Amino acid sequence: MLSMSVAETTASARTEGRPPRAEQPAASGSAKYLGWLFAVAIAAAAFNLRPVVTSLGPLLDQVRDDLGMNPTLAGLLTAVPSLCFALFGFAAPAAARRIGPIAVVTAGMGAITAGVLARSFAGGTAVFLLLTALALAGVAVSNVLLPVVIKRYFPEKVGPMIGLYSMALSAGTALAAAVTVPLTSALGGDWRYGLGVWAALGALALVLWLPVLIARRERGERSGGAAVPVRLPITRSRTAWALACFFGFQATGAYVVMGWLPKIFQDAGIDKGTSGVLLAVTMVIGVPVSFVLPNLAARRGDQRLFVVVLAACGIAGYTGLALAPAGGSWLWASLVGLSNCAFPLVLTMIGLRARTAGGVAQLSAFAQGVGYLISIPGPILIGRLYDVTGEWYLPLGFLALLLVPQMLFGLRAARARHIEDEAVHPAERAAA
């Protein structure tokens, strides 16, 4: 099912201006096994895209105390992920054009492994931040290019493969949040072991990507005389801007939930252990939904129904958290978790709104880069509103209100259109 046919690979190469490979028997065992290895490698890479962040949150107090990190720097640390995702994400397409997306993702897995392992030995705040940024750079380029790899090498299976990618990402997010503290305790209580152990998963993903890199022998689009895909003036595309804003608003909600949901429940009288489990619920619920939703969304001409349903779940969940956080805690956590499944939905739309892998690369970098920049102020503002009021009514009301523009931008992005039809050069438009 997941192996790629020669015809698919050849057609993808032609649309990208790459010379097709010599044809081999489609049913060859090596091609079949490579296809499955590729799929497993994609899942392993996706699994590593969030533990860099979610493993740190539960141990942040210990890290601050041990490194002498002041509150300002700790606050900066919470903003570093979105900033790195934006800055390094913008650079990903250029790197992919030079050496190929598979090589960049492989390097990304190496950066994650090295950064996560090395920061556990950091002796000061500055080194810790730099090594965290190294790991996040690997996350950022992989964030952008994994949908590109899927579009290029699984062109007929975008929905299922985005579903596999999203499910693995959600599973990694939930696992790191749920087991980092008990795992640290089992390893002697030292945060350095609790953070460093996640490098093993990065190393596993790297081991899986290396044979894929060797087998594919992928070259950058600037090498070997291959035609370089036209760079789209993507800022002229309304669909691209709608996707970027939709991505930004959903990322705002997701990072607020990861950072503040346990505190919301604790302020309502729920103990720390249960509040942590409730946070895990919001993440775990995304595992099956993240697999099913992209498949359903990819089958439809547009995805507006899903945009509305997920926004409605979020509005209901935030309203419940504001009015009766303890009374319906499991229901509110489930609804908020469903709302956060806008992430796999927007990834699916990125893969569907461009015709070629080159278009997906540019759209993915633009939507995620701009989107993460939009998301940076959200968690900081929510914390400020809570500090000023001492209650969660206003912050939660603000989050519910943000779902309105998220839905409006999502409805615009969900229409069955392609950015190549909107982001065209003036000369091409005049010729048409």
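Biologist: What makes aspartate 302 and arginine 304 a salt bridge?

Modeller: In this predicted model, the closest N and O atoms of aspartate 302 and arginine 304 are 3.0 Å apart. A salt bridge needs a side-chain nitrogen of Lys or Arg within 4 Å of a carboxyl oxygen of Asp or Glu, so the pair earns the name.

Biologist: How many salt bridges are there by this rule?

Modeller: The count comes to six. Behind the rule is a simple idea: side chains of opposite charge can pair when their charged atoms come close.

Biologist: Which parts does the pair of arginine 192 and aspartate 66 tie together?

Modeller: Their side chains meet in a salt bridge at 3.3 Å, N to O. Arginine 192 belongs to helix α9 (residues 191-196) and aspartate 66 to helix α4 (residues 60-67), so the bridge ties together parts that are 126 residues apart in sequence.

Biologist: Why is arginine 192 called partly exposed?

Modeller: Buried means under 20% relative accessible area and exposed means over 50%. Arginine 192 has 22%, so it falls in between and is partly exposed. Aspartate 66, at 44%, also counts as partly exposed.

Biologist: Where does the salt bridge of aspartate 421 and arginine 355 sit in the chain?

Modeller: These side chains meet at 2.9 Å, N to O. Aspartate 421 is in the loop between α19 (393-413) and α20 (426-431), while arginine 355 is in the loop between α16 and α17, 66 residues apart. With a relative accessible area of 45%, arginine 355 is partly exposed.

Biologist: Let's turn to the surface. What makes leucine 373 fit for a nonpolar patch?

Modeller: Leucine 373, in helix α17 (residues 357-375), has 38% relative accessibility and counts as partly exposed. A patch residue needs over 30%, so leucine 373 passes that cut-off. Together with Leu83, Leu87, Phe88 and Phe90, Leu373 makes a nonpolar surface patch of about 430 Å². Helix α5 (residues 71-99) gives the most to this patch, with four residues.

Biologist: And inside, how do you know where empty space is left?

Modeller: Rolling a probe the size of a water molecule over the atoms shows it. The search finds five cavities of 30 Å³ or more, and the largest holds about 330 Å³ of space.

Biologist: What lines the largest cavity?

Modeller: It is lined by 20 residues, with Leu169, Thr173, Ala254, Asn340 and Phe343 nearest its centre. The largest share, six residues, comes from α11. By kind, the lining divides into 11 nonpolar, eight polar and one charged.

Note on methods. Residues are numbered from 1 along each chain as its sequence is written. This is a predicted model: local features need pLDDT of at least 70, side-chain atom pairs count only at pLDDT 80 or more; totals for chains, interfaces and linings use all residues. Side-chain values use heavy atoms; hydrogens and water are left out. Patches are made of residues with over 30% relative accessible area and no salt bridge: like charges are joined within 9 Å, nonpolar side chains (Val, Leu, Ile, Met, Phe, Trp, Tyr) within 5 Å. Accessible areas come from the Shrake-Rupley method with a 1.4 Å probe; for residues, only the protein chains shown count as cover. Helices (H or I, at least four residues) and strands (E, at least two) are DSSP runs, numbered from the N terminus. Buried means under 20% relative accessible area, exposed over 50%, partly exposed in between (1.4 Å probe, protein chains only). On a 1 Å grid over the protein atoms alone, a cavity is a set of points where a 1.4 Å probe fits but cannot get out, and a pocket is an open set with protein on both sides within 12 Å along at least five of seven lines; lining residues have an atom within 4 Å of a point. Grid points are joined across faces, edges and corners, and a volume is the space filled by probe spheres set on the points. Ala, Val, Leu, Ile, Met, Phe, Trp, Tyr, Cys and Pro count as nonpolar, Asp, Glu, Lys and Arg as charged, and the others, Gly among them, as polar.
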